[in-house]
Amino acid sequence: MTYSKHTPKVARGFTRRDFLNSVMIGSGALLAAPHYSIGSDSGSTTLPAPVLGDEWYGYGGIGDYQPSHGNTPEAVERAHALRDASILNEPHTVSETDEVYDLVIVGGGMAGLGGALRFTQRRGDKQSLLILDNHPVLGGEAKRNIFEINGQRLVAPQGANGFSVPAIDDGGFADGDARYFEELDIPREYSYPTLQGSEKQLRFGQDDYGFLYWLEDQVSVGYFVDQRSHGVSPRWVRNPWQTGLQQMPMSDYLRNEHIRWRNWSTKVYGGAEYKRWLDSITYRELVVEHMGIDPKVVDHVDPILASGAGGTSDVLSAYSAYALGMPGTTAFYQEPFQLGERHSFPGGNDGFTRYFLKHIKPEALSGGSEFADIVNANIQFSELDKPGQPVRIRLGASVMKVAHRGPADEAGYVDIVYARDRELHRVKAKAILMATGAWITKYVVSDLPETHSNAMNEFVHTAFLVANVALTNWRFIERAGVTGFRWWDDIGFAANLKRPMHVGNYQPPFHPDKPATLSFYIPLYYPGKSAIEQGILGRTELLNTPYAAYEMRLRNLLKRLFSRHGFREERDMAGLILNRWGHAYTVPRPGFYFGKDGNLPPHEVIRQRHGRITFAHSELRGNQHWGPAAAEGARGVDQLFDAGIW
C-alpha cells in the first residue's frame with residue numbers, strides 16, 4: 001500500500017491496485033499550477049490551493065515533522081509562481097500587517113539560523129527579529145523524520161547529515177564547525193549501543209557518507225553484482241577494496257586502474273597556485289588527462305561526488321574534489337589526509353538546527369538545555385510567533401517579493417510580501433538577510449542589482465531524494481553479512497545501516513530482529529549532460545514521479561538485494577518517507593572558487609551588501625556544510641551592523 005497520512009503505524013500489505021491508482025496521476029497536472037501577481041493591491045483575496053497532493057507528497061511519519069518532509073507541495077508551487085513571473089495573471093490583494101522589524105531573515109535553514117544567532121548576540125534590548133520560513137518546520141534540509149514501528153520510536157534524517165568533531169577552525173571545508181561547537185556548547189562525546197542478537201563480526205558506520213569511500217575499512221561494505229549489472233550470477237562482494245577487488249567481475253587491467261586511482265600520491269601540477277589550477281579543470285579532466293587513468297574508473301566515483309558535492313566528475317571543479325579528499329587531489333595536501341570519526345545525530349543535522357533554535361529562542365523547544373533535552377524536545381509551535389517577543393518565527397510563509405522603499409542607497413526600510421494560508425501579507429524591516437538560495441533569491445528581490453543577478457545566474461543546482469525506510473527488523477541484512485552496501489543499475493546506488501546514537505531516553509534497539517531505519521541518499525545525476533541539464537532532469541523526475549512509483553522501486557530494490565537472505569516486503573518493510581529536494585546542492589563548476597578571466601567568482605559578488613539587504617546561503621561555500629553555512633549567515637548580519645543600519 002501507499003503510506004498516506006491516514007496509514008496506521010504499522011503498514012498493511014501493498015496491492016497492485018494501490019500502485020496503479022497512484023501512478024495514474026498525470027504528470028502534466030503537476031506542472032500546471034496557476035500563477036498570481038503581487039504587483040497590485042487590488043483583486044482576488046485568496047491564492048490558488050496547491051495541486052500537488054498526497055499522491056505526490058506521500059506519508060510523512062508522525063510527530064512535529066509529519067507535514068514537513070522535503071519540499072512541500074505549497075513551497076514548490078509558490079516557487080514556480082515566482083519563476084514564471086512573465087506569465088502572471090490575476091492580481092491579488094496584499095494585506096498590511098503594520099509590523100515593523102529591525103531585521104527580517106528570509107529562510108530558516110543553517111544560514112538563517114547562523115544569522116539569527118549573530119543578531120541576538122549583538123542586538124540591543126529593544127531590537128526585533130522576524131524569521132520567515134516557507135516550510136511548516138524550520139531547518140531547511142536539516143530536519144528529521146519520525147516513525148513508530150511496533151511501539152518503537154525511530155528518528156531518521158531528512159537530508160543534511162554527518163559530522164566529525166572539530167578541533168580548530170582551519171579555514172577548510174568545515175570552517176565554522178569548531179566555532180559553533182563552542183558557542184552553542186555542543187558535546188563532543190556520544191553514546192552508541194553494542195550489537196545484540198548476532199554472532200557475526202559486523203562493522204557499522206555512524207553516518208551515511210563515510211562508508212562510500214573515506215572509511216570503507218571501518219564498515220562491513222558489500223558490493224552487489226548480478227546479471228543485470230555485471231553479467232554474473234547474483235552475489236555480494238564483501239570488503240572489496242581490502243581484497244584488492246579480486247572478487248569483482250572486471251578485467252585485470254580495470255582492476256589495476258581502480259587501485260592506481262585510489263592509491264595515487266604524485267602531484268600532477270608543480271605550481272604554487274595549485275588550488276586555482278585545480279579550480280580551472282573538472283575532476284574528470286584531472287583523473288583522465290593528468291593522471292592518465294582509464295575513464296571507466298571515474299564511473300565508480302560519479303555517484304559519490306554527486307552525493308557529496310552535487311555534480312558528476314565531468315562538471316565538478318577538481319578543487320571541489322580536493323575539498324572532499326578524493327584521489328589525485330590529496331597529493332597536494334600539506335599533511336596526510338585523514339577523516340576523523342564520523343557521527344550522526346538521530347535526525348542528522350537536525351541536531352544542529354535544534355541547538356541554534358534553543359539559543360535563539362529558548363522557549364521554542366520543550367525542556368531544558370542539556371544535550372538530551374535539546375535533541376529529544378518537542379517544538380513548541382505556539383511559542384514561535386507570539387506578538388511582542390524580541391524574536392518571532394513565522395512558518396509556512398513563502399516570501400514573494402522584497403524591495404527597498406526607494407533607491408537602495410537612500411531607503412530607510414525594505415518591504416517584504418509573503419504568502420501564507422493562501423493570502424498575501426506585507427511587513428517592513430530596517431534590514432533583510434536573504435538566507436535563501438540563488439535559484440529563488442534572484443526572483444524574490446525585485447530591485448536586485450544587475451551584478452548580483454548575473455552572479456546568481458551562474459549558480460547551478462541539482463536535485464536529491466532522501467528516502468527513509470522503516471523496517472520491522474533487519475535480520476536479512478545481517479544474514480547478508482554487510483552493513484554498508486552498493487549496487488548498480490537501479491534507483492540510488494548505496495545505503496548504510498548505521499549504528500544508532502543513544503540520546504537520553506531515545507534508546508532505539510540495536511538488534512537484527514528489532515525495528516530500524518534505512519536511509520537511501522539518492523542523487524539524481526546524469527553523466528555526460530551539462531550541470532544545467534542534470535539539474536533540470538533531476539527536478540523533472542522529482543516533480544513527475546508519484547510517491548507510489550518510488551515506493552515500488554525501493555521495494556523491488558530491496559528484493560533484488562536481499563530476497564536470497566530472507567527479505568519479505570510485506571513482513572519487513574513497515575513505512576517509507578520521501579524527502580524531495582529540488583535544489584539540494586549547488587554544483588561548483590570550474591572557476592567557481594577563484595573566478596574566470598580575471599573576474600570575481602560569483603559567490604564573492606553575492607556577498608556584497610545591496611543597500612539594506614545582505615545575502616547568505618550554504619551554496620556560497622561550494623561544498624555545502626552546516627558550520628560554514630551558519631558562518632555565512634553571521635557574516636551577512638555583521639555586514640549590516642558594520643554599515644550602521646541599526
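Leaving aside its neighbours within four places in sequence, with which residues is His-452 in contact? In the predicted model described here, these residues are Val-605, Ile-606, Gln-608 and Phe-615. His-452 belongs to helix α16, which spans residues 450-457, and its relative accessible area of 3% places it among the buried residues, because buried means under 20%. The side chain of His-452 also makes a polar contact of 3.2 Å with the side chain of Thr-451.

Turning to the sheets, one open sheet is formed by seven strands, arranged in the order β8-β7-β16-β17-β18-β15-β19 with mixed pairing. The edges are occupied by β8 (235-238) and β19 (573-586), each of which has a single partner strand, so that one side of each is left without a neighbour in the sheet. From one strand to the next, the twist averages 20°. At one end of this order, strand β15 (residues 461-471) pairs with β19 in the antiparallel sense over ten bridges, and within this pairing Ala-470 has Gly-575 of β19 as its bridge partner. Helix α11 (residues 298-309) packs on the sheet, where it touches β7 (221-225), β15, β16 (484-486), β18 (516-523) and β19, and the direction of α11 makes about 85° with that of β19. Helix α18 (residues 531-544), for its part, lies across β15 and β19 and runs at about 40° to β15.

Strand β7 of the seven-stranded sheet is mostly covered, five of its five residues being buried. In a regular strand the side chains alternate between the two faces of the sheet. In β7 both faces are covered, with Val-221, Tyr-223 and Val-225 buried on one side and Gly-222 and Phe-224 buried on the other. Strand β7 runs parallel to β16, to which it is joined by three bridges, and Val-221 stands opposite Gly-484 in β16. With β8, by contrast, β7 pairs in the antiparallel sense over four bridges, and here Val-225 stands opposite Arg-235 in β8.

A further open sheet contains four strands in the order β1-β13-β12-β11, again with mixed pairing. Its edge strands are β1 (94-101) and β11 (398-404), each of which pairs on one side only, and the twist averages 20° from one strand to the next. Strands β12 and β13 pair in the antiparallel sense over seven bridges, with Ala-419 standing opposite Leu-424 in β13. The loop between β12 (414-420) and β13 (423-429) holds Asp-421, a residue other than glycine whose phi is nevertheless positive, near 55°. Asp-421 is exposed, with a relative accessible area of 61%.

A positive phi is likewise found at Asp-185, where the value is about 60° although the residue is not a glycine. Asp-185 is placed in the loop between α6 (177-183) and β7, and counts as exposed at 62% relative accessibility. Gly-292, which follows helix α10, has a positive phi near 70°.

Helix α10 itself (residues 283-290) has Tyr-283, Leu-286 and Val-287 as buried residues. Seen down the axis of α10, the buried residues fall within an arc of 90°, and they therefore line one face of the helix. The elements that cover these buried residues include α8 (252-262), α9 (274-278), α11 and α12 (318-324). Helix α11 thus appears both in the cover of α10 and in the packing on the seven-stranded sheet.

With regard to the nonpolar interior, the largest nonpolar core has 89 residues, and those with the most contacts inside it are Trp-261, Met-326, Val-402 and Ile-432. When neighbours within four places in sequence are left aside, Ile-432 is in contact with Leu-103, Val-104, Val-106, Val-402, Val-414, Ile-416, Arg-612, Ile-613, Thr-614 and Leu-640. Apart from this core lies another, of 56 residues, among them Phe-163, Phe-181, Ala-364 and Phe-371.

Methods. Residues numbered from 1 in each chain as written. Predicted model: local features only at pLDDT ≥ 70, side-chain atom pairs only at ≥ 80, totals over all residues. Heavy atoms only, no water. Helix = DSSP H or I, 4+ residues; strand = E, 2+ residues; numbered from the N terminus. Buried < 20%, exposed > 50% of the residue type's maximum accessible area, 1.4 Å probe, protein only. Polar contact = N/O pair within 3.5 Å; in protein donor to acceptor, adjacent residues only side chain to side chain. Contact = heavy atoms within 4.5 Å. Pairing = 2+ DSSP bridges. Axes fitted to C-alpha atoms, helices over the stretch in contact; angles between N-to-C directions. Arc of directions from axis to C-beta. Core = buried A, V, L, I, M, F, W, Y, C linked by side-chain atoms within 4.5 Å.
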